[in-house]
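Work through the exercises below with the sequence and the model at hand. Each task is followed by a solution in steps.

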Amino acid sequence: RSTSTSGTLSLAGNFSNSGTFTHNSGTLTFTASAGTQTLNSGGSSFNNVTHNAAGTLQLSTNNISIGGTFTNSAGTYDANALTTTISGLTTVSGGIYSASTNTQTFNGGLTISGGTFTGSSGTVTTTDVTLSTGTLTAPSGTFNVSGNWSKSGGTFTPGSNTVTFTKSSGT
C-alpha cells in the first residue's frame, strides 16, 4: 500500500502499482526528459496527473482513471491501446496526446492550446472542446461531444468519421 503526498510527487522513472495507491488529492508529475516512462496504475485512480518533459509517458497493463485534471505540456502521452478516463479538464498545451484504439473519456472537457491531440481508431467522448492553438485530429472511430465546441485558432483535421454532438437538451 502506498499513499501519495497531498502536494506534488515528481517521478523521473516508471510508476508501477501492484497493490493499492492512494492519491491523497495530490498531483503526480512525470518528468523524464528522454526515453519512455511507463505508467501501470494497477487499477488505482489518481487525482491530478501532469506530463511536462520531453520523453514519452506510456500507459502499460492497466487502464487509467484520473479524478482531477490531466495536463500534457511536453513530450508524448501514449494511451497505448488502453482506456483513459479523466473527470477534470484535460489540457494539451504542448507535446502530443496520442489516443488509442480504446476509449478516451474527458468528462471535464478537452482543451488544445499549443500541443497536438491525435485521435486513433478508438472512441473519444468529451464534454467541451476548446482549440486555440495546436492541432486536433479527430479519431477514425466515434467522436462524441456533449458540450460546446470552440475553435479560435489552431488546426482541426476531421478525418473520415463524424463528430456527433450528443447534448440531450439546452444549448
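**Exercise 1. Place H51 in this predicted model: which strand holds H51, is H51 buried or exposed, and which residues is H51 in contact with?**

Step 1. H51 belongs to strand β7, which covers residues 48-59.

Step 2. The relative accessible area of H51 is 0%. Buried means under 20%, so H51 counts as buried.

Step 3. With neighbours within four places in sequence set aside, the contacts of H51 are F30, T56, L57, T71, N72, S73, A74, G75, T76 and Y77.

Step 4. Take S73 from that list. S73 is 22 residues from H51 along the chain, and their C-alpha atoms are 6.3 Å apart.

Step 5. Take A74 next. Its backbone oxygen lies 3.1 Å from the side chain of H51. The cut-off for a polar contact is 3.5 Å.

**Exercise 2. Classify the ring pair of F70 and Y97, and state why the pair ties together separate parts of the sequence.**

Step 1. A pair of aromatic rings is described by two quantities, the distance of the centres and the angle of the planes.

Step 2. The model has 10 aromatic pairs. For F70 and Y97 the centres are 6.0 Å apart and the planes stand at 90°. Planes over 60 degrees apart count as edge-to-face, so this pair of F70 and Y97 is edge-to-face.

Step 3. F70 sits in strand β9 (residues 70-78) and Y97 in strand β12 (residues 96-98); the pair therefore joins parts 27 residues apart in sequence.

Step 4. F70 and Y97 are both buried. Ring pairs also link them with Y77, F106 and F117 in a cluster.

**Exercise 3. Do the same for W149 and F165, and say how exposed W149 is.**

Step 1. The centres are 6.1 Å apart with 70° between the planes, and the pair is edge-to-face.

Step 2. W149 is in strand β18 (residues 149-151) and F165 is in strand β20, so the pair ties together parts 16 residues apart in sequence.

Step 3. At a relative accessible area of 28%, W149 is partly exposed.

**Exercise 4. Which strands form the open sheet, and in what order? Why is one side of β8 and of β20 left without a neighbour?**

Step 1. The order of the six strands is β8-β10-β13-β15-β17-β20, with parallel pairing.

Step 2. β8 (64-66) and β20 (163-165) are at the edges; each has a single partner strand, so one side of each lacks a neighbour in the sheet.

Step 3. On average, neighbouring strands of the sheet are turned by 10° against each other, direction ignored.

Step 4. For β20, three bridges connect to the parallel strand β17 (residues 143-145). One of the bridge partners is T164 in β20, which pairs with N144.

Technical notes: Residues are numbered from 1 along each chain as its sequence is written. This is a predicted model: local features need pLDDT of at least 70, side-chain atom pairs count only at pLDDT 80 or more; totals for chains, interfaces and linings use all residues. Side-chain values use heavy atoms; hydrogens and water are left out. Two strands pair if DSSP finds at least two bridges between them. Helices (H or I, at least four residues) and strands (E, at least two) are DSSP runs, numbered from the N terminus. Axes are lines fitted to C-alpha atoms, for helices over the stretch in contact, and angles run from 0 to 180 degrees between N-to-C directions. Buried means under 20% relative accessible area, exposed over 50%, partly exposed in between (1.4 Å probe, protein chains only). Contact means heavy atoms within 4.5 Å. A polar contact is a pair of N or O atoms within 3.5 Å; within protein, one must be able to donate a hydrogen and the other to accept it, and residues adjacent in sequence count only if both atoms are side-chain atoms. Rings of Phe, Tyr and Trp (its six-membered ring) pair if their centres lie within 6.5 Å; planes under 30 degrees apart count as stacked, over 60 as edge-to-face and the rest as tilted.
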